[in-house]
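Here's a quick tour of a few side chains in this model. Have the sequence and the 3D view open as you read.

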Amino acid sequence: MDDARYCLVVIQSAENEGAVVINYTVLLNFLFDENGKINGANILDKTNNNGYVINAKAFINCTGNGSDRVRKLANPTLENRIAPSKGVHIILPLHFLNSKQSLLIPKTKDDRMVFSIPFKNKLLVGTTDNPYNQFTV
């Protein structure tokens, strides 16, 4: 699946249904009503360094590796859920596998898996991720 294209379709569909979509912004903090429910957010537009307040009935955390940071802005008492990791992936010409089928080696000596997946007329080859703590999330 092309996750970037899928993301664009979701954004376009949301906008078609009346959602306001934004990009190149940073969530600074949430705003809460008297019952502790999130009802707004302060954001920074990175294209012009202007700050804005967004008021909404609901916020959806779709931030990938930024999910824990956003969760903790909503509730600082929460524990981390996301563990930073890294993997090795390379793109090769499709003929290296000589097949249009995916290949999975489910267990290696270091307890990871190796995969080879045809994608966009190329071959994505990689391993599962290992824990990585050299950066902060």
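## An arginine, two cysteines and a ring pair

R71 sits in helix α2 (residues 67-74); helices here are DSSP runs of H or I with at least four residues, strands are runs of E with at least two, and both are numbered from the N terminus. This is a predicted model, where local features need pLDDT of at least 70, side-chain atom pairs count only at pLDDT 80 or more, and totals for chains, interfaces and linings use all residues. Residues are numbered from 1 along each chain as its sequence is written, and side-chain values use heavy atoms, leaving out hydrogens and water.

Leaving aside residues up to four places away in sequence, R71 is in contact (heavy atoms within 4.5 Å) with N61, L78, E79, N80 and R81.

Here's how accessible the residues in this report are. Buried means under 20% relative accessible area, exposed over 50%, and partly exposed in between, using a 1.4 Å probe and protein chains only.

| Residue | Relative accessible area | Class |
|---|---|---|
| R71 | 15% | buried |
| C7 | 41% | partly exposed |
| C62 | 67% | exposed |
| F30 | 9% | buried |
| F59 | 32% | partly exposed |

How many disulfides are there? Zero, going by cysteine sulfur atoms within 2.5 Å. C7 is in none, its nearest cysteine sulfur being that of C62, 8.3 Å away. That's too far for a bond.

On to the rings: there's one aromatic pair, meaning Phe, Tyr or Trp rings (six-membered ring for Trp) with centres within 6.5 Å; planes under 30 degrees apart are stacked, over 60 edge-to-face, the rest tilted. F30 and F59 make up this edge-to-face pair, at 5.7 Å centre to centre with 70° between the planes. The pair links distant parts of the chain, 29 residues apart: F30 lies in strand β1 (residues 25-32), and F59 in the loop between β3 (50-55) and α2.
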